Amino acid sequence: MTATPTRPDAGAPAGLAAPPAGVPAIQLAGLTKRYGAVTAVDGLSLTIAPGEVVALLGPNGAGKSTTIDMILGLSRPDVGTVAIYGRPPQDAIRNGAVGAMLQSNGLLPDLTVGETLALMASFYTRPRPVRQVMERAGIADLARKRVGSLSGGQQQRVRFAVALVADPSLIILDEPTTGLDAQARRAFWASMREETARGRTVLFATHYLDEADAYADRIVLLRSGRVVADGSAAQVKAVASGRTIRATLPGADAAALAALPGVDSVDIHGDTIVLTCRDSDAALRKLLAGTAARDIEVTAQNLEDAFLALTVGETP
Amino acid sequence: MSITYLRTEILRMYRNRRSLIFSMLMPVILLLLFGRLYGTETLGGAAVSAYLMVSMGLFGSMSAAIGYGGTIAVERGAGWNRQLRLTPLTPRAYGLTKVIVSLLLALPPLLVTYVVGALALGVRIPALTWLAVGLISWVGALPFAALGLVVGYLAKPDSVQPITGLLFMLLAAFGGIWVPAEAMPDLMRRVAEWTPAYWVGQAARSPLFHAPIPMTAVWAVLAWTLVFGVIALRRFQSDTARA
């Protein structure tokens, strides 16, 4: 199940970074990275189309940052290939096609905000005007301040501006709102939305479920370096948790219920049965046709449950 | 090569000029100290005061060049290098900028020690000799600029200070700053002959003795610059570790 929703207004922003049509923004094939005995990323394949806003969701240690490092060419995969617009990451970086916000600080404390952005802009042939980028990131009033004197949230906004200055068609953000308060997070995503409205492709790593749910067209759920679910928030929820069927069925036969199609597990409490299903529709048909079950309730778990179901526990 | 990056680095050095002042303070103090003790003697036909002045100037320029490269460790610690790798700036342009700024920083210590030598110790040598020793010392900072890059890449932000400190001491010892090269014990001299500091020192002081620059010195400086430069470039290309 791979959903690739492309918004109607999708298209490349003007500038050098305009990617060729029909080529995936990001294509990862069989990516594997080991650190000693630990396999951080394990045979990960992923294709992201231009214009998609994708969340890479997973708990700490799921391999999100390692994957992003490989996408950006900051580390080399042991196995597998990375292509950005069909080319090696270094090419895309050289062309200003990619803007990224890493988790590590990445700024020099002794430069002012304005100097930092002017320097970054100077590396590209067609950067966005520094003034405009600062306004977008909400730091226009900080231009003359030294980076070292800013608060964590302000520095975060500077890093966001740095990611935008190349006028990239692909933006990659590694946990962009970590350490921000609720209001700053909302402000960040509001300016992000204005950016994506221009047709940019966005990949962001997060462990905030609500962020993935609210801002991404597509969620890629990672656990132990593998994709465990990939699709829209609704699809991921369904795949992760399926649904739960509750019913009253006196004298239920646990083995028979477990044998129903689409059922993962069965709980019996007196006259009440609880079926955890990966395909509740199929289970329900048989349940109605073949048993005396009544007071049937079908509930979907929320993304939080899906997330926990998929990411907690032992590696399969 | 990025002119904006070079300009920004020079601006940063100007802002952090306190560390530059320290790179000049040490050689000036040593020059005054040793100059008062031995300044009136001569050594192989040259005034000891002039010999000391050239050596101390060299010590200052070496320290400044290595110390600046060492700040790369701090930049790496801050994630700056990872950020730069996400821009079109090439490793070569980055390294070249660092070397140019190192060489710029190597100049003030030379000038200051020469002024102190002339004013406080009464060093009097022909103008051309001033120029020759100054120029050789300055060009001789090249392998140390490259060594600074290596230190900047191998050291951790919190270990870079002691490492550069140790390097200064060793370089000073083998460059003929604590002990004149001519007076070194045989074993020390044999070790010294494998260091760039020794050869830069010999080359920089040769005009005082009206002697030509030893060819070995030219080769030694080139070879060490190349070795350090290649190590630094390789480290830049493979430096991906998250700090």
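Trainee: How many residue pairs are in polar contact across the interface of chain A and chain B?

Mentor: Keep in mind that we're looking at a predicted model. Here both partners of a pair need pLDDT 80 or more. With that filter on, the interface of chain A and chain B has residue pairs in polar contact numbering 7.

Trainee: And which helix gives the largest share of the side of chain A that touches chain B?

Mentor: Three helices of chain A, α1 (64–71), α2 (89–94) and α3 (113–122), each put at least two residues into that side. The largest share is 5 residues, and the helix behind it is α3(A).

Trainee: How do the residues of that side of chain A divide into nonpolar, polar and charged?

Mentor: Chain A brings 29 residues to the contact, while chain B brings 23 residues. On the chain A side, the split is 14 nonpolar, 9 polar and 6 charged.

Trainee: Which three residues supply 25% of the area that chain A buries against chain B?

Mentor: Start with the whole: the two chains, A and B, bury about 2500 Å² between them, and 61% of that is on carbon and sulfur atoms. No other three residues of chain A supply more of its share than A:Leu74, A:Leu108 and A:Phe123.

Trainee: Which side chain does A:Asp110 meet in a salt bridge?

Mentor: Side chains of opposite charge can pair when their charged atoms come close. The rule finds 3 salt bridges across the interface of chain A and chain B. For A:Asp110, the N to O distance is 3.0 Å, and the partner is B:Arg12.

Trainee: How many residues apart are A:Arg218 and A:Glu52?

Mentor: Over all chains, the search finds 23 salt bridges. In one of them the side chains of A:Arg218 and A:Glu52 meet at 3.1 Å, N to O. A:Arg218 sits in strand β8 (residues 218–223) of chain A and A:Glu52 in the loop between β2 (38–48) and β3 (53–57), so this pair links distant parts of the chain, with a separation of 166 residues.

Trainee: What should helix α5 of chain B span?

Mentor: The helix covers residues 91–120, which is 30 residues, and we count 1.5 Å a residue. Its end C-alpha atoms are 44 Å apart, which agrees with the expected span of 44 Å.

Notes. Residues numbered from 1 in each chain as written. Chains lettered and ligands numbered in written order. Predicted model: local features only at pLDDT ≥ 70, side-chain atom pairs only at ≥ 80, totals over all residues. Heavy atoms only, no water. Helix = DSSP H or I, 4+ residues; strand = E, 2+ residues; numbered from the N terminus. Expected span 1.5 Å × (residues − 1). Contact = heavy atoms within 4.5 Å. Buried area = accessible area lost by both parts, 1.4 Å probe. Salt bridge = Lys/Arg side-chain N within 4 Å of Asp/Glu carboxyl O. Polar contact = N/O pair within 3.5 Å; in protein donor to acceptor, adjacent residues only side chain to side chain. Nonpolar A, V, L, I, M, F, W, Y, C, P; charged D, E, K, R; others polar.
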